[in-house]
Protein chains: 2
Amino acid sequence: MSERRARRTAPTSHDVARLAGVSQSTVSYVMSGKRSISAETRERVMAAIEQLTYQPNAGARALRGRTTHVIALMVRLGERADPRDTVPYIDTIVEAARERDYDVVLITTDEGPDGLKRMAGRQNCDAFILMDVAARDERIATAAALDLPVVLIGTPADRAGLDAVDYDAVAAAEALVDELADTGHTHAVVLGETGGVVPGEYWFLSAFHDACRDRAAARGLAFDAVHPDRPGWAGVDAAAPRLLAHRGERLGLIARTPQAAEWLLQLTRLHGLRPGADVSVVGVCSDAAAAAFDPPVTNVSAQARDVSRKAVDLLFERLGGSETEPGLHLIAPGELHRRATTAVFS
Amino acid sequence: MSERRARRTAPTSHDVARLAGVSQSTVSYVMSGKRSISAETRERVMAAIEQLTYQPNAGARALRGRTTHVIALMVRLGERADPRDTVPYIDTIVEAARERDYDVVLITTDEGPDGLKRMAGRQNCDAFILMDVAARDERIATAAALDLPVVLIGTPADRAGLDAVDYDAVAAAEALVDELADTGHTHAVVLGETGGVVPGEYWFLSAFHDACRDRAAARGLAFDAVHPDRPGWAGVDAAAPRLLAHRGERLGLIARTPQAAEWLLQLTRLHGLRPGADVSVVGVCSDAAAAAFDPPVTNVSAQARDVSRKAVDLLFERLGGSETEPGLHLIAPGELHRRATTAVFS
DNA sequence: ATGAAAGCGCTAACAG
DNA sequence: CTGTTAGCGCTTTCAT
């Protein structure tokens with residue numbers, strides 16, 4: 001009766017070396033490609049690796065090579081964040097990291113600066129990406145002192161010399177207002193934040209609203225920004241009188257998020273207005289989500305994937321030793337796509 | 001001019017030992033508490049740790065102690081998954097792991113079985129949690145052969161001897177149908193899946209629908225399950241005739257997800273029906289989300305947090321060496337909460 | 001109650 | 001082109 005060992009211990013590079021009849025360091029060099037190996041030796045080693053299904057031990061690698069092949073991603077996951085906004089970032093970051101054979105450890109903003117100190121202090125990771133960066137964010141000073149590459153996603157008041165990537169909310173706002181202006185609208189109303197979000201807490205909120213206001217003024221549209229005082233649909237519903245105050249005129253409604261677009265569609269329908277005929281709804285939204293609405297919503301793309309890719313690219317440049325001046329990298333919105341919810345007035 | 005060193009090297013337990021005037025192994029024992037230390041020595045060591053802000057090197061620990069303090073969480077993040085359904089699980093798992101000083105590496109289902117082999121082979125983690133477990137899931141056989149603790153979230157056809165945790169979709173369905181039966185309804189209609197989801201791909205889908213059908217039959221309600229043939233709201237809208245076929249009678253609509261509940265509310269409103277008076281809408285949904293709807297929706301709680309906590313608890317029992325028989329652990333829905341959308345008929 | 005010392009599995013400098 | 005060797009920082013015997 002073949003008794004299976006309780007816990008088979010994993011093969012090491014030494015086992016591979018023995019099987020291939022070479023020294024252990026040769027195995028290491030075959031894997032890293034850091035010195036030239038005769039074709040014949042390489043093949044024997046590769047065969048042994050295959051046969052034993054050898055994989056290098058991550059702990060030993062990290063210890064000796066002082067590189068963990070892990071990046072830490074700090075993100076807000078609780079009730080205060082909309083998962084639909086954050087998951088595309090996470091997904092893309094994990095994907096881009098894996099392409100470089102890096103793994104991603106997920107930590108939450110709840111851990112605050114101490115979480116960063118822990119990960120760096122224990123040498124659990126080689127670099128950080130911080131999401132949900134607020135205008136004043138206590139994590140930034142800690143992160144900047146860490147002596148490890150850090151990329152912020154968002155625009156803080158003070159980058160503290162770190163790289164940052166953000167969506168160009170100003171360009172997005174201008175594209176949306178321009179769409180309304182170009183199609184003969186006379187009034188633009190932007191649906192503001194619905195939760196208890198403090199204005200100015202996040203750069204992109206105030207930047208988006210300010211840019212809407214300024215562009216509307218420049219293009220000669222009357223403008224209003226409506227911030228519901230209750231969260232969720234109930235708040236939007238209650239704000240209907242102000243949102244639709246100018247429903248008799250050539251009114252365009254602006255949504256900063258897919259959720260806002262959905263609420264605005266629902267609102268207009270409920271009040272007997274046909275989006276694309278009596279009123280326009282335009283917003284920031286992925287192209288896929290925009291096309292999936294009924295009716296499809298005129299949008300500029302939110303570019304979560306481009307922002308994330310840029311963040312990972314920057315991070316790996318730093319890991320590769322790049323010493324260029326850190327900066328803020330704004331990702332332009334995609335082209336505006338006119339869909340069914342743009343009403344074209346003479 | 002004090003030149004700052006380019007890269008300050010992290011303090012080691014050896015540095016702590018020197019500063020405290022003890023041997024390096026004593027530092028280790030102070031940290032692990034695995035042998036008794038005189039109060040005086042402990043204090044000196046602790047002070048040195050404090051002073052140097054020493055943190056143990058994770059790689060060295062993993063190498064020597066053969067335990068990484070990392071669990072790998074494999075989850076579906078792409079377009080096919082609704083982030084609102086998955087993030088509460090992720091959040092709770094990260095939180096529960098951190099309580100035990102474990103970190104969580106996030107990998108995606110896209111990596112498939114090879115992702116599991118990689119993490120286990122390189123000894124990147126001590127254990128696995130697999131989410132989005134389908135009825136037949138190619139990851140399971142691989143996971144079961146891994147010789148590391150694994151907990152599944154979901155109910156596969158074959159657990160292959162692994163632990164699994166799932167929401168009791170049958171109990172949830174029964175509670176919802178009972179609510180309709182108890183309040184005098186004569187017809188129950190459940191909104192089915194809207195994407196291209198293959199029926200039977202996931203246990204909880206078919207289990208929920210089957211349980212609705214069976215309970216409706218047992219309680220004497222006419223029953224229908226409507227599966228829109230287009231995704232999103234458009235599909236629901238198109239299915240309106242069938243969903244509302246019995247609007248003249250005592251009709252109750254059942255939603256398996258918050259998204260479905262939102263669509264059903266929208267649908268009824270659009271067709272001039274008042275939820276809670278002309279028609280009922282009941283569904284599976286977190287209490288918070290249910291209360292936030294307008295009007296608040298009668299619900300049984302989805303218990304994402306309880307499921308996740310149970311999964312992590314099980315995992316750590318296994319990591320602690322528990323040899324009890326692995327099983328499927330069903331988490332009961334919370335009490336049904338009757339809110340504004342239950343219409344009470346005579 | 002403490003110290004000394006052996007190695008975990010790997011990388012990279014040094015020696016041919 | 002390849003082998004030998006010295007650690008990385010820690011946990012854990014073995015010794016006192």
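1. A residue is counted as near a molecule or strand if one of its heavy atoms lies within 4 Å of it. In this predicted model, 27 residues surround DNA strand C, and those that come nearest are A:Ser13, A:Tyr54, B:Thr26, B:Ser36 and B:Thr41.

2. Two of these residues also appear among the contacts to the DNA backbone: a polar side-chain atom of B:Ser36 is placed 2.2 Å from a phosphate oxygen of DNA strand C, and for B:Thr41 the corresponding distance from a polar side-chain atom to a phosphate oxygen of that strand is 2.3 Å. From chain A, A:Arg61 has a polar side-chain atom 3.1 Å from a phosphate oxygen of DNA strand C.

3. Seen from the side of the DNA, 52% of the atoms of strand C within 4 Å of the protein belong to sugar or phosphate, while the rest belong to bases. The protein surface near DNA strand C is made up of seven nonpolar, 13 polar and seven charged residues.

4. As to the elements that form this surface, helices H2 (24–32) and H4 (58–65) of chain A, together with H2 (24–32) and H4 of chain B, each supply at least two residues. The largest share of the surface near DNA strand C, four residues, is that of H2(A).

5. Turning to the contact between the protein chains, 48 residues of chain B are in contact with 49 residues of chain A, and the area buried between the two chains is about 4,600 Å², with carbon and sulfur atoms giving 47% of that area.

6. Seven salt bridges are counted between chain B and chain A; one of the pairs that form a salt bridge is A:Arg122 with B:Asp101, whose closest N and O atoms are 3.1 Å apart. Ten residue pairs are found in polar contact across the interface of chain B and chain A, with both residues at pLDDT 80 or more.

7. On the side of chain B that touches chain A, at least two residues each come from helices H4 (58–65), H5 (83–99), H6 (112–121), H10 (232–238) and H12 (258–270), and likewise from strand S2 (103–108). H5(B) gives the most to that side, with seven residues, and the residues of the whole side divide into 21 nonpolar, nine polar and 18 charged.

8. The chains are also joined by strand pairing, in that strand S2 (residues 103–108) of chain A pairs with S2(B) in the antiparallel sense over three bridges. Within this pairing, A:Leu106 has B:Val104 of S2(B) as its bridge partner.

Note on methods: Residues numbered from 1 in each chain as written. Chains lettered and ligands numbered in written order. Predicted model: local features only at pLDDT ≥ 70, side-chain atom pairs only at ≥ 80, totals over all residues. Heavy atoms only, no water. Contact = heavy atoms within 4.5 Å. Buried area = accessible area lost by both parts, 1.4 Å probe. Salt bridge = Lys/Arg side-chain N within 4 Å of Asp/Glu carboxyl O. Polar contact = N/O pair within 3.5 Å; in protein donor to acceptor, adjacent residues only side chain to side chain. Nonpolar A, V, L, I, M, F, W, Y, C, P; charged D, E, K, R; others polar. Pairing = 2+ DSSP bridges.
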